[in-house]
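Visitor: Could you pick one part of this protein and take me through it slowly? I'd like to see how the pieces sit together.

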Amino acid sequence: MVASGLKSELNIAVRALVEHVLRAGDLAFEFLGFSRPADAIRAHQRIQNSRPDTYRAEVPISHQIETDQFVLLVSGRIDGIYTGRDGVVIEEIKTTTRSLDAFEQEENPLHWGQLKSYAYLYAIQQDLDQIDAQLTYYQMDSGEIREFRRSFTLTVLEDFFNDLVSRYLQWAATIVDWRRRRDESIQTLEFPFAAYRPGQRRMAVEIYRTIHSGNQLLVQAATGIGKTMAAIFPALKAVAEGLNPKIFYLTARTTGRIAAEKALEELWDRGLRLKAVTLTAKDKACFNPGRTCSPEECEFARGHFDRVGEARQDIFQQDALTREVIAKVAGEFRVCPFEFALELSLWADCIICDYNYAFDPRVFLRRFFQDENGDYTFLIDEAHNLVDRSREMFSAVIHKQSFLDVRRAVRKELPQVFQSLGKINGWLVKARKRCAETGSPRATKQPPDDLYPSLRHFLKITERWLARNVNAPFREALLELYFEVTGFMRVAEQYDNSYATCFEQIEKDLTLKLFCIDPSGQLRNALKRCRAAVLFSATMAPLDYFKKVLGCDESARQLILPSPFPRENFGLYISDRVSTFYRHREKTKTEVAQEIRSLVRQKQGNYLFFFPSYEYMRMVYAAYKGGDAATETILQTPAMTESERDRFLQRFSQETPRTLVGFAVMGGIFGEGIDLKGERLSGAAIVGVGLPGISLERELIREYFGADDGAGFEFAYLYPGINRVLQAAGRVIRSENDVGVVLLIDPRYATPRYKSLLPEEWHPVHVQNEHQFARHLQSFWRRA
């Protein structure tokens, strides 16, 4: 919405207008295959190119409607216009996988509504009293074309369009009134706390400037500055000034989502009016998990569009459109909660969601980013996570066993699919044999081009069967494999020098992965979807590394903000006399256990010990347990459930009858994103420098960036490792009243290479022996 003189201006596309008013009935999905979008474009072009010379394709059109309150601009693009002696014909082209007889028997009101709207807009633009309109259907499998042509008088079209607009204007008036109240509340909104924390105001000012100039900003802001509020508050001010119509708060973890919701609650309590919707993954939002999204199987899909308007009107009375609120209203009105949330995102001012809704090529929000970029603001929380997450999003994997299992299941009923899967399995068997010969995972820079035709053939014949929506015991397994191959082929289209093909044999199975070594190119394109982007985290060291690998512009600015908390509250110690190198671990595990035992003996409390791997953690845990029965110990385990994670954290209560020690892994669920304030955590020990384990993928990263700018080890191991260390250390001091200690155990912390990556405000004390360490700790805790 923009200002037009004294009136506000609303923009809406013809298709969106028609769908908003006329869409009714069930939530049903026409099955679209992997290549359908590209095939649909080619079908449009084929039809357009077959028309006579007087035919014009892709004609933009718009029309302005002024009311007492605002100006509504309706715009769109007409597929084609015939002009000749017989008059004018407006053409709308639709592709479908359905039988064209279905459109003979029952017309589609959305298709005709769109076509009649275009016909009306063109008629009034050209001052025509009558106009022909043609709806052309193209059947994607058979290539059959069927045309439906009608003649309309201007009066008939005008009545139709005016009714369409008048029904929409009721909702449009709600939106305009809402945005007026929203902007007024933001303009008078004051910062929610009595004073800014040190560094917080500077961060907020820099973010506002970034949004105002349409630039990018990377911020490393130490724990405790109040990053979430420092990001959201200036972004809201920019909304009221018309600088950005929508804020996307992007996060990698549940904790980030909760922090954003909590910050908005603080502002709502102080008079803010803002619609913020939280998007939840479909499998978590679904009321009927395991059932297909069809009116036959789901009561919430059946009649969804008949009820979603009332549901939208009801929920619009609230500002906090959280997962719980959406689920409650969706349940009351019997609509699909996931689709309802997506609908609400169109009208929300702030969208809180996972990274993948903005970046993942498989699931990004096409309603915002498909056709054109917007003046949006991306606030990217905990942006250090985006490096590995983006590699995952831009990579794809298939498993030989999946093809074999589905092949056995479809053998009798789908012989063509069975045969197709046999060819794919045969290719993978040969690849597995080559892996067995080398005895280890292998990689090549060449894509598996000779496999692609078989995968495309599988997709083509499978989607024909899936489009028929036949119930079969193997349908879900086949559908899952279909989507897996679809994702694989989408990534294959992006394959370039930034990729490698990886093969790994696991017993009889073979994993084939298209691995994205360098995500910067695709992230650079994804960041073009917004006008301004702010990437912030407590750990982005060094910023130049993140700027490069996250695909930021050369003009992107950088900001480093130190800890706002009293220096004397944080005791940092380095023990550089015990090696944690892999080859020394068995020999030094007892020494490491003694070092961390010395840390906890000086003060009763709660402590966390972080290790680079589960194996090393268990090794030291056994040595520690054997020498100290006085402390309670708990151990992180792989693949902990959410309830197990919660029980682990609940042990760190303020009531501690005796010392509690938790053993955890760096980079895991307890290495970041947890908030143990006050007496809940007295200290932490970090064993090693956090380097990721040596693997095929890490070595590919090392080789790639080593050849690129000589920083292979740094990009593959050093920088990811040190950020794990910084995250783990950041668990100790969470507020201005927290007091705690951190012990870093590794000789490398004493070297310039590693010391240069530690925060400037850190002033570590090197300890030479157990007695010296004890004296330092006793002195620290007395002062505290």
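Guide: Sure, and keep in mind that this is a predicted model. Let's start with strand 21 (residues 606-611) and strand 23 (residues 660-665), which run parallel and are joined by six bridges. One pair to look up there is Phe-610, whose bridge partner in strand 23 is Ala-664. Now zoom out to the sheet around them: it is an open one, built from seven strands in the order 22-23-21-24-25-20-26, with parallel pairing. At its edges stand strand 22 (632-635) and strand 26 (765-766); each has a single partner strand, so one side of each is left without a neighbour in the sheet. Next, bring in helix 22 (residues 585-601), which lies across strand 20 (570-575), strand 21, strand 23, strand 24 (683-687) and strand 25 (740-745). Relative to strand 21, helix 22 runs at about 155°.

For another bit of parallel pairing, go to strand 12 (residues 350-354), where five of the five residues are buried. Strand 12 pairs with strand 9 (residues 247-251) in the parallel sense over five bridges, and there Leu-250 has Cys-353 as its bridge partner. Strand 12 also pairs with strand 10 (residues 276-278), again in the parallel sense, over three bridges; in that pairing Val-277 is matched with Ile-351.

One last stop is a loop residue: Asn-288 sits between helix 9 (282-285) and helix 10 (304-315). Asn-288 counts as buried because its relative accessibility is 14%, under the 20% cut-off. Leaving aside residues up to four places away in sequence, Asn-288 touches Cys-298, Glu-299 and Phe-300.

How values were computed
Residues numbered from 1 in each chain as written. Predicted model: local features only at pLDDT ≥ 70, side-chain atom pairs only at ≥ 80, totals over all residues. Heavy atoms only, no water. Helix = DSSP H or I, 4+ residues; strand = E, 2+ residues; numbered from the N terminus. Buried < 20%, exposed > 50% of the residue type's maximum accessible area, 1.4 Å probe, protein only. Contact = heavy atoms within 4.5 Å. Pairing = 2+ DSSP bridges. Axes fitted to C-alpha atoms, helices over the stretch in contact; angles between N-to-C directions.
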